[in-house]
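Reader: I should be grateful for a close look at a single part of this model, the space left between its residues, together with the surroundings of that part. Please begin at the N-terminal end and work towards it in one connected account.

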Amino acid sequence: MDYQTILVEVKNAVGYLTFNRPKSLNSFNVDMHTEVAAVLKQWSSDPAIRCVVISGSGRGFCAGQDLGDRVVDPNAASPDLSYSIQTYYNPLIKTIANMPKPVICAVNGVAAGAGANIALACDLVIAAKSANFVQAFCRLGLVPDSGGTWFLPQLVGPARAMGLSLLGDKLPAQTAKEWGMIWDVAEDNELTDKVTQLAEHLAKQPTFGLSLIKKAIRQSSDNSFEEQLQLEADFQRIAGRSEDYREGVQAFMQKRSANFQGR
């Protein structure tokens, strides 16, 4: 398809989705929401896609909402910002978090506002050394959305989440890694290669089992210890009946590389 706001490529069982509005730091307008949602929905159910990579073009990853796409007329009634959250951002975050295959985010520059929280919704975040994360909502008198008030306390603790949200300071990529907010940092000129290698590695793994790992970890914060133990047992029952598990055991016994199919 001829996309206007994103770049799409599929290679070696990896789907690469790149936000492509570099002049506005890849901020979201309605068209970009529509195109991103369509691609991710298709990839979610496509067995040929074993891993997804989300990145941004130009000098930034994503600056969140394109404020120019929301006309705020001081003489008109106050806008209902919850409409765009419920219609676009919340479904996007849920799609990324619930994707039944690994999702890697490559943060090449600033990730601000909803852009920062879209990154945090991904399973693994690799940021360029020069990148930074900004909870910019407070600068506009707004509340962190797109899962920000959920992801941040889970990842960095309530004190740091509160400071980031109230102050809106830039958090450098290296500090984000040290705080446990992201997985890794790469030299700017090595980011693409590092992410590609990781994505192609994951695409060859038992991705059915990886999807269960994602679900288990995401549900752990809402479960009691006993409930989580039961969930592990339930998921292990499902995983043990998969073709990937059978192939993994056979490959181990036969001392060969496994050929997983994600089933």
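Author: In this predicted model, N12 lies in the loop that joins strand 1 (6–11) to strand 2 (14–19). The phi angle of N12 is near 55°, a positive value in a residue that is not glycine. Most residues other than glycine have a negative phi. N12 is partly exposed, its relative accessible area being 49%. A second residue can be set beside N12 in this respect: K255, also not a glycine, has a positive phi of about 55°. K255 belongs to the segment after helix 10 (243–253). With a relative accessibility of 75%, K255 counts as exposed, because the cut-off for that class is over 50%.

Further along the chain from N12, strand 2 is followed by a loop that leads to helix 1, and N29 is found in this loop. N29 counts as buried, at 11% relative accessibility. The C-alpha atoms of N29 and T5 are 9.0 Å apart in space, although 24 residues separate the two in sequence. V30 is part of helix 1 (residues 30–44). V30 is partly exposed, with a relative accessible area of 34%. Between the C-alpha atoms of V30 and Y88 there are 8.1 Å, for a separation of 58 residues along the chain.

The wider frame for the space you ask about is the division of the chain. The domain assignment gives domain 1 (6–204) and domain 2 (207–254). The C-alpha centres of these two domains lie 27 Å apart. Contact between the domains involves 15 residues of domain 1 and six residues of domain 2. The size of an interface is often given as the accessible area lost when the parts come together. For domain 1 and domain 2 the buried area is about 790 Å², and carbon and sulfur atoms give 48% of that area.

Where, then, does the largest pocket lie with respect to the two domains? Domain 1 and domain 2 both contribute residues to the lining of the largest pocket, so this pocket lies between them. The largest pocket holds about 630 Å³ of space. Its lining is made up of 22 residues, and C122, D123, L124, I217 and R218 are the closest of these to the centre of the pocket. Two or more lining residues come from each of strand 7 (124–128), helix 4 (148–156) and helix 8 (207–220). Helix 8 gives the most to the lining of the largest pocket, with six residues. By residue class, the lining of this pocket divides into 15 nonpolar, four polar and three charged residues.

Helix 3 is the next element to consider. Helix 3 spans residues 114–121. Eight of the eight residues of helix 3 are buried, so this helix is largely enclosed by the rest of the structure. The buried residues in question are A114, G115, A116, N117, I118, A119, L120 and A121.

Two of these residues, A114 and N117, recur in the surroundings of D145. The loop between strand 8 (132–134) and helix 4 is the place of D145. D145 has a relative accessible area of 18% and is therefore buried, the cut-off being under 20%. Apart from neighbours within four places in sequence, D145 is in contact with I85, A114, N117 and F137.

Rolling a probe the size of a water molecule over the atoms shows where empty space is left. Besides the pocket, there is an enclosed space to describe: the structure holds one cavity of 30 Å³ or more. The volume of the largest cavity is about 40 Å³. The residues that line the largest cavity are A116, L120, F133, V134, Q135, L152, L164, L171 and M181. Helix 3 and strand 8 are the elements that give two or more residues to this lining. The lining of the largest cavity divides into eight nonpolar residues, one polar residue and no charged residue.

To bring the account together: the largest pocket lies between domain 1 and domain 2, because both give residues to its lining. Helix 8 provides six of the lining residues of that pocket. The lining of the largest cavity, by contrast, includes A116 and L120. Both A116 and L120 are among the buried residues of helix 3.

Notes:
Residues are numbered from 1 along each chain as its sequence is written. This is a predicted model: local features need pLDDT of at least 70, side-chain atom pairs count only at pLDDT 80 or more; totals for chains, interfaces and linings use all residues. Side-chain values use heavy atoms; hydrogens and water are left out. On a 1 Å grid over the protein atoms alone, a cavity is a set of points where a 1.4 Å probe fits but cannot get out, and a pocket is an open set with protein on both sides within 12 Å along at least five of seven lines; lining residues have an atom within 4 Å of a point. Grid points are joined across faces, edges and corners, and a volume is the space filled by probe spheres set on the points. Helices (H or I, at least four residues) and strands (E, at least two) are DSSP runs, numbered from the N terminus. Ala, Val, Leu, Ile, Met, Phe, Trp, Tyr, Cys and Pro count as nonpolar, Asp, Glu, Lys and Arg as charged, and the others, Gly among them, as polar. Domain bounds come from an automatic or database domain assignment. Buried means under 20% relative accessible area, exposed over 50%, partly exposed in between (1.4 Å probe, protein chains only). Contact means heavy atoms within 4.5 Å. Buried area is the accessible area (1.4 Å probe) that two parts lose on being put together, summed over both.
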